[in-house]
Amino acid sequence: MTSGDVAIIGVGLHPFGRYPGKSALEMGEDAVIEALGDAGVQWPDVQALYAGSMEVKNPEAIVGLLGLTGIPGRAVFTGCATGATSLAMAANAIRLGEHDVTVAVGLDKHPRGAFSDHPSVSGLPSWFGEAGLFLTTHFFGMKINRYMHDHGISHLTLARAAAKAFRNGAANPNAWRRKVLTPEEILASPVLNYPLRQFMYCGPDEGAAAVVLCRADQAHKYTSTPIHLRASTLFSRREGAFELLSPSLPIESAPSPTVFASRAAFESAGLGPDDVDVVQLQDTDAGSEIIHMAENGFCKDGEQEKLLADGDTEIGGRLPVNTDGGLIANGEPVGASGLRQIYELANQLRGRAGDRQVERARVGYAQLYGAPGTAAVTILST
Amino acid sequence: MTAQVPLAESLFTWPAERPALIAGRSSDGKLVFPYRTHRLVGGVREELERVELPRRGRLWTFTTQRFRPPAPPYAGDDTPETFQPFAVGYVELEGALRIEARLTEADPEKLFIGQEMELVVEPFGVDADGNQTMLYAFAPVPEGDGDDQR
């Protein structure tokens, strides 16, 4: 352990779902209070705050609810990768020696229905939105459709990935969707964006998650089970990558930013895919989870067909993926979603996951991906 | 009589019997769609040559849109009641680019990867001046139709 090492000492979650009358900041307040209690840290001892949100322009205003102690509070936003960025910035402030104890929080409260915005926020011309093309869901449908064609993935495998999410969600008291659905029921739901069906998608919702970090050499003062932050990477898209919201693509293709974020994270941690015990992948839809298994190095393209049929990604399997139900069962409050992954991994690595506990989990892996072609990977270990 | 105008300037040649999409080309041969006036080439800002893209290609991937997209930004002249589901795909124009576009065939069972497609321009909506806006799309080429229009 060096003085630059960083540990997670507390995590908190405001369950994701729908909470009429409760603001995103109030949900964030609950998550931070739970994380502080978990860490045994008092709010006045926190030296810096990084707050992520898509809907709340100034999420760092949460200090108004927690206590006005004068600390630096900064808003963070990198789309669906926001949680990883707030965690990385809270960790880097410790690595730089600026602070000893920091907090990362994500909070959001989305209106119902598909995300909608003006194309200019993504650097796209107005006509692209007017034409009905400014929809991230088109990308998810088109990417998995091509992937199924190239790598022999079946509709049943998509349904199996979604069914696993609902099964894990049903076992998770914090999940939003807690009803078990069979692959047959999922395949009977309406096609939203071929080949993706209604029950293969996550939905935008509300919620918050928070993490308390400290210098690893001081973690023993707070907890006997610190979780070490082994790697944190973020990559934007490269020329040729098949990405969200692209009016055109070059014919010569390049890998997704997830591939680069994953390789860099494994290299930084000195670990490989075989060392990972529990995995969180961005499952905006069931197809994304399938593709991300390969892009993160956990299998070869096409092997998902057999892995899911054999139950290898189940909690009792060789490679448990999205043990809390992932985005499909929890929904996606964008600013909070990445820290929900960290909440689940920290609980798994600390042996506190109850019925969903992965035995002997020592290394956890979390990947995020979203517009405008940004991927982040975080690796944690006991 | 109202005029038929492209949904945006410099999207495709219009009016034209056989319209083509317009791209920008830099000195290194790279194509940019939608057309822009300039890009950085080797760190230097370069004006782009305006070129027409091939009109036919192969369907590279596709999906469908079941519900009327959120409006704004969507500006179709349909309503939630009259909205017709549509398909979207990337069509690979050989030697050029893969272009994202609406497809004239909405039934995924009648679409397949590798299918030959041709550019069409169709009425879309109405602009603020009351003109009919026109939008490009790709239509399946009927089997047996020759490549002479390529």
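**Exercise 1. Find out whether A:Ser246 is buried or exposed, and what it touches.**

Step 1: Look at the relative accessible area. For A:Ser246 it is 11%. Buried means under 20% relative accessible area, exposed over 50%, and partly exposed in between, using a 1.4 Å probe and protein chains only. So A:Ser246 is buried, because its value is 11%.

Step 2: Place the residue. A:Ser246 belongs to the loop between strand S8 (227-236) and strand S9 (248-250) of chain A. Helices (H or I, at least four residues) and strands (E, at least two) are DSSP runs, numbered from the N terminus.

Step 3: List the partners. Contact means heavy atoms within 4.5 Å. Not counting residues up to four places away in sequence, A:Ser246 touches A:Phe128, B:Tyr90 and B:Glu100.

A quick note before you go on: this is a predicted model, where local features need pLDDT of at least 70, side-chain atom pairs count only at pLDDT 80 or more, and totals for chains, interfaces and linings use all residues. Residues are numbered from 1 along each chain as its sequence is written, chains are lettered from A and ligands numbered from 1 in the order in which they are written, and side-chain values use heavy atoms, with hydrogens and water left out.

**Exercise 2. Do the same for A:Gly132: where does it sit, and what is it in contact with?**

Step 1: Find the loop. A:Gly132 lies between helix H4 (126-130) and helix H5 (136-151) of chain A.

Step 2: Check the accessibility. A:Gly132 counts as buried because its relative accessibility is 1%.

Step 3: Collect the contacts. With neighbours within four places in sequence left aside, A:Gly132 is in contact with A:His138. From chain B, the contacts are B:Pro69, B:Tyr74 and B:Phe86.

Step 4: Try a distance. Between the C-alpha atoms of A:Gly132 and A:Ser262 there are 33 Å, and the two are 130 residues apart along the chain.

**Exercise 3. Track down the aromatic rings: how many aromatic pairs are there over all chains?**

Step 1: Know the rule. Rings of Phe, Tyr and Trp (its six-membered ring) pair if their centres lie within 6.5 Å; planes under 30 degrees apart count as stacked, over 60 as edge-to-face and the rest as tilted.

Step 2: Count. The whole structure holds 19 aromatic pairs over all chains. One to look at is A:Phe139 with A:Phe140, which is edge-to-face at 5.4 Å centre to centre and 70 degrees between the planes. Both A:Phe139 and A:Phe140 are buried.

Step 3: Look for a group. One aromatic cluster takes in A:Trp127 and A:Phe128 from chain A, plus B:Phe12, B:Trp14, B:Phe33 and B:Tyr136 from chain B.

Step 4: Add charges. A charge sits over a ring if NZ of Lys or CZ of Arg is within 6 Å of the ring centre and within 35 degrees of the ring normal. The charged end of A:Arg177 does this over A:Trp176, 5.4 Å from the ring centre. In chain B, the charged end of B:Arg102 sits over the ring of B:Phe86 at 3.8 Å from its centre.

**Exercise 4. Trace the nine-strand sheet of chain A: what is the strand order, and which strands are at the edges?**

Step 1: Read the order. It goes S3-S2-S4-S7-S1-S8-S12-S11-S10, in an open sheet with mixed pairing. Two strands pair if DSSP finds at least two bridges between them.

Step 2: Spot the edges. Strand S3 (73-76) and strand S10 (278-280) of chain A each pair on one side only.

Step 3: Zoom in on one pairing. Strand S11 (residues 363-370) and strand S12 (residues 374-381) of chain A pair in the antiparallel sense over eight bridges. In this pairing, A:Gln367 stands opposite A:Val377.

**Exercise 5. Work through chain B: how many helices and strands does it have?**

Step 1: Count the elements. Chain B has zero helices and 11 strands.

Step 2: Pick a hairpin. Strand S4 (residues 38-41) and strand S5 (residues 44-47) of chain B pair in the antiparallel sense over four bridges. The bridge partner of B:His38 in S5(B) is B:Glu47. This hairpin has two residues between the strands, and B:Gly42 takes a positive phi near 55 degrees.

Step 3: Check burial and extent. In chain B, 49% of the 150 residues count as buried. Its C-alpha atoms fill a box of roughly 50 × 40 × 30 Å, taken along the principal axes.
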